[in-house]
Structures are given as structure tokens and as C-alpha cells.
Amino acid sequence: MATGRRKANRTKKEETTWQERVIQIRRVSKVVKGGKKLSFRAIVVVGNERGQVGVGVGKASDVIGAVKKGVADGKKHLIDIPMTKSNSIPHPIDGVGGGAKVMMRPAAPGTGVIAGGAVRTVLELAGVRNILAKQLGSNNPLNNARAAVNALSTLRTLSEVAEERGIPIEKLYI
């Protein structure tokens, strides 16, 4: 009987598995008294493909340490995303992060993820399957990833809007 419980615990852990993808690894240097000190900066996206995603940045003297710190930072900054039955977003939205702007539009089932660069990675790890997105302004991967997360965090469902306005959902359709 104990083995059955252990199996159940293992499957529960597997249900909440986090995927992590490195967007960029950059070698950075700091000028100190003795010369230049080299370190690495890793930009990592963490998501469970079920509506949760986060972007993290880690810096360390080695690449592996920077990625680990980035994953930990990404898990600290997780957001929940409302999604439709067709694994899309409920309404069109724009997001801003630094000099980057990201425009997102819901898409019909079967469209796929039409996005580029860091925005595509964020959307895939969030679990969005049908969406149209466009990066505007900057090509910086960190700012684009942050703009995508900013856009996704401001999404609202019909029930949330109805509750805020204090009216039944049926009245929103009129």
C-alpha cells in the first residue's frame, strides 16, 4: 500500500514539471582595479505549459551557475495566464518592456504560435497554442520577453470584467 502512495506522489510531482529555456547567454565584463572581471548573464524563461510562465535573469562567473540563478529568478516572477478553450488568449493586448513593444492577437484553432524570438519562447512555455504576435521597437531579447510577460499579465477574462463592473456576464454580450 505504501508503494501506491509513493507512485501517486511521484505522478503529482511530474504534473507540475517546469520547463526552462535559455534565450540568451552573454559574456559581460566589469572593470576592476586589477583589470577586467568576466562573468556570464543568462536570460531564462520558465513555464509549465499550463498557463504559468516567468522570465528570469542570472549572473555568475560560469554559465551553469548563471542559468541556475536565472531559473530560480524566473520561478520567483511567475504569472498566471487566462486562456480560452482553443489555447489562445481571451482578447488582443499590447505589452511594453523597456524599449520593446509586443502586440498579441488571439487566433483560431490550428493557427499555431506565430511569433518570433523571445516572445515565441515565452508563449510556448506558457502553453499558448494559437496566437499572432509581433515585436515592435527593440530587438533586445530581455526587453521583448519582459514585454510579452507584461502583456500576458494584463489579460482579463469575461468573468473578471463582469465582476469588476458589478454586472452579470450575460450583460457584457449586449
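Is Arg156 buried, partly exposed or exposed? Arg156 is partly exposed, with a relative accessible area of 35%. The views below come from a predicted model.

**View 1. Arg156 and Glu164 form a salt bridge.** The closest N and O atoms of the pair are 2.7 Å apart. The two partners fall into separate accessibility classes: Arg156 is partly exposed at 35%, and Glu164 is exposed at 57%. The cut-off for exposed is over 50%, so Glu164, at 57%, passes it. This bridge is one of 5 salt bridges in the structure.

**View 2. Glu124 and Arg21 meet across distant parts of the chain.** Their side chains form a salt bridge, at 2.8 Å from N to O. Glu124 belongs to helix H3, which covers residues 117-126. Arg21 belongs to strand S1, which covers residues 19-32. The two residues are 103 apart along the chain. Arg21 has a relative accessible area of 32%, so Arg21 is partly exposed.

**View 3. Glu124 also pairs with Arg120.** This salt bridge has an N to O distance of 3.2 Å. Both residues sit in helix H3, 4 residues apart, so about one helical turn separates them. Arg120 is partly exposed, at 33% relative accessibility. Shared partners join Arg21, Arg120 and Glu124 into one network of salt bridges.

**View 4. Val22, Ile25 and Val63 make a nonpolar surface patch.** The patch has an area of about 210 Å². Ile25 lies in strand S1. Ile25 is partly exposed, with 42% relative accessibility.

**View 5. Four strands build an open antiparallel sheet.** The strand order is S1-S2-S3-S4. S1 and S4 (79-80) stand at the edges. Each has a single partner strand, so one side of each has no neighbour in the sheet. Strands of a sheet pair through backbone hydrogen bonds.

**View 6. S1 and S2 run antiparallel.** Strand S2 spans residues 35-47. It is joined to S1 by 13 bridges. In one of these places, Val31 has Lys36 of S2 as its bridge partner.

**View 7. Helix H2 lies across three strands.** The helix covers residues 63-76. The strands it crosses are S1, S2 and S3, the last made of residues 52-60. H2 runs at about 145° to S3.

Note on methods. Residues are numbered from 1 along each chain as its sequence is written. This is a predicted model: local features need pLDDT of at least 70, side-chain atom pairs count only at pLDDT 80 or more; totals for chains, interfaces and linings use all residues. Side-chain values use heavy atoms; hydrogens and water are left out. A salt bridge is a side-chain nitrogen of Lys or Arg within 4 Å of a carboxyl oxygen of Asp or Glu. Buried means under 20% relative accessible area, exposed over 50%, partly exposed in between (1.4 Å probe, protein chains only). Patches are made of residues with over 30% relative accessible area and no salt bridge: like charges are joined within 9 Å, nonpolar side chains (Val, Leu, Ile, Met, Phe, Trp, Tyr) within 5 Å. Accessible areas come from the Shrake-Rupley method with a 1.4 Å probe; for residues, only the protein chains shown count as cover. Two strands pair if DSSP finds at least two bridges between them. Contact means heavy atoms within 4.5 Å. Axes are lines fitted to C-alpha atoms, for helices over the stretch in contact, and angles run from 0 to 180 degrees between N-to-C directions.
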